[in-house]
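Please work through the following exercises with the sequence and the model side by side, trying each task before reading its solution.

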Amino acid sequence: MKGRPPGKPSGPPRGRKPGPGAPGRARGAAKAARARKPDGAPAKKPAAAPKPKPAPAKAAPAKGVSLDVRQFRVGTDDDGIRLDRWFQRHLPDVTFNLVSRWARTGQLRVDGARAAPGDRIAEGQTIRVPPAEPKAAENAKPRRVRPQLSDDQLAFAQGLVIHRDAQAIVINKPPGLATQGGTKTEEHVDGLLDALEFELDQRPKLVHRLDKDTSGALLVARTARAAAYFAKSFSSRTARKVYWALVLGVPSIEDGMVELPIAKQPGTGGEKMHVDQEEGLPARSRYRVIERAGNRAAWVELQPYTGRTHQLRVHMAAIGHPIIGDGKYGGKDAFLSGTISRKMHLHARRIRIDHPDGGRVDVRAELPEHFAASLASLGFEEAQGDLPLDDEIARGPTREDEKKAARAHAKQVRKGRRGERRSRGAGSTRKG
């Protein structure tokens, strides 16, 4: 057996790892490796095996926001509204800017077609809503929680109802109760609307308002569709509102129209209005004298044909007959001595408006106690107050109506004669 050549280290063959039986050789190789390092260099520790990275956490969707594409079908109450308005009603967490971006990039679709925020939608259509961007929790605005109504508040609000159907509620608002809240105003109709849900289980909506000290009929919409319908009726002036008022003195014209522009009075912070021929907005009010108490006071019917703030109060004061109890516009002279209450005598007696389901809502509200007592004190009979509206007066045809009918008849006769001449001309042509 031949020996190993001198000068060659002993060990396992090249390419083989030392087995478990050669620990000395392994330690010797490690010492030799440390000896070859420069002086002072720290020895490197063997690298540890890399730890597996944890899977990135998925962002949780913000409250009310889904990360999946959603499909919504347009309901009856949303028929005819703008698409951006639909988002405000049903997905309030989705901002208008996000809706606009979806529209620009073609992600927002109605029945498969690209849609814009201002497009009108119809019942039965399908709205495709893309995944919404999750919001940071710290930036999310907390929802305002309405205070729970007490049993007394529920009973009070429901006791004001004088008409209720599937689409509308009419309440008889008492004087001193504001329609909506404001500075230092905590008690108001808007805060009581939760009590008027009844069987529909959805909060009614205000569609017009009355001044705090004005009593009477106030219409409330029970559904979003009804709110849009009624709002359009008020803006187009097809709704009729009739007020009763006691005014100081007696107007010289018993049935008159006041047409004076109204604007906010400078220096009052918008709390007071006045007649302004240059800057004011057009305003029209009709009045009719119902009864008079000598020259002291008059009971009048008022009909606003426009909807300016404090319109009736400003107009009656402007013609020299302020509403009794209205110190804001009538000053000290607006109060009568004796048994007449110092409260304002302005009452929304009647409201008549077309109904979304056909027909009309036509409701009268009873007078508050102070107004009824003042009428009795002045010798007025409440039963005499309901005057018919112009379109309710049964009348025969006037001279002008007869002229219009005669002109229409003559026009039809001329058309018939022209038709006869054309037919005779066509017959002679065929014979030739």
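The exercises below concern a predicted model, and each task is followed by a solution in steps.

**Exercise 1.** Locate H345 and decide whether H345 is buried or exposed.

*Solution.* Begin with the position in the chain: H345 sits in the loop that runs between helix 7 (327-330) and strand 15 (346-354). Next, take the relative accessibility of H345, which is 0%. Since buried means under 20% relative accessible area, H345 counts as buried. Finally, look at the side chain of H345, which is joined to the side chain of S374 by a polar contact of 2.7 Å.

**Exercise 2.** Find what is notable about the phi angles of D201 and H310, and state for each residue whether it is buried or exposed.

*Solution.* Start from the general rule that most residues other than glycine have a negative phi. D201 has a positive phi of about 60° although it is not a glycine, and H310, likewise not a glycine, has a positive phi of about 55°. Then place them: D201 belongs to the loop between strand 6 (168-173) and strand 7 (205-206), whereas H310 belongs to the loop between strand 14 (297-304) and helix 6. As for accessibility, D201 is exposed because its relative accessible area is 62%, while H310, at 14%, counts as buried.

**Exercise 3.** Determine which elements are linked by the salt bridges E259 to R284 and R288 to E301.

*Solution.* The side chains of E259 and R284 meet in a salt bridge of 3.5 Å, N to O. This pair links distant parts of the chain, with E259 in strand 10 (residues 255-259) and R284 in strand 13 (residues 284-293), 25 residues apart. E259 counts as exposed at 54% relative accessibility, and R284 is partly exposed at 33%. Turning to the other pair, the side chains of R288 and E301 form a salt bridge of 2.8 Å, N to O. Here R288 in strand 13 is linked to E301 in strand 14, 13 residues apart, and both R288 and E301 are buried. As a closing step, set these pairs in context: a search of the whole structure finds 20 salt bridges, and R350, R352, D362, D391 and E392 are linked in a network of them.

**Exercise 4.** Identify which residues gather with R414 in a patch of positive charge on the surface.

*Solution.* The patch brings together K411, R414, K415 and R418. R414 itself is placed in helix 9 (residues 399-431), and with 45% relative accessibility R414 counts as partly exposed.

Methods
Residues are numbered from 1 along each chain as its sequence is written. This is a predicted model: local features need pLDDT of at least 70, side-chain atom pairs count only at pLDDT 80 or more; totals for chains, interfaces and linings use all residues. Side-chain values use heavy atoms; hydrogens and water are left out. Patches are made of residues with over 30% relative accessible area and no salt bridge: like charges are joined within 9 Å, nonpolar side chains (Val, Leu, Ile, Met, Phe, Trp, Tyr) within 5 Å. Accessible areas come from the Shrake-Rupley method with a 1.4 Å probe; for residues, only the protein chains shown count as cover. A salt bridge is a side-chain nitrogen of Lys or Arg within 4 Å of a carboxyl oxygen of Asp or Glu. Lys and Arg count as positive and Asp and Glu as negative; His and the chain ends are not counted. The place of a charge is taken as NZ of Lys, CZ of Arg, CG of Asp or CD of Glu. Helices (H or I, at least four residues) and strands (E, at least two) are DSSP runs, numbered from the N terminus. Buried means under 20% relative accessible area, exposed over 50%, partly exposed in between (1.4 Å probe, protein chains only). A polar contact is a pair of N or O atoms within 3.5 Å; within protein, one must be able to donate a hydrogen and the other to accept it, and residues adjacent in sequence count only if both atoms are side-chain atoms.
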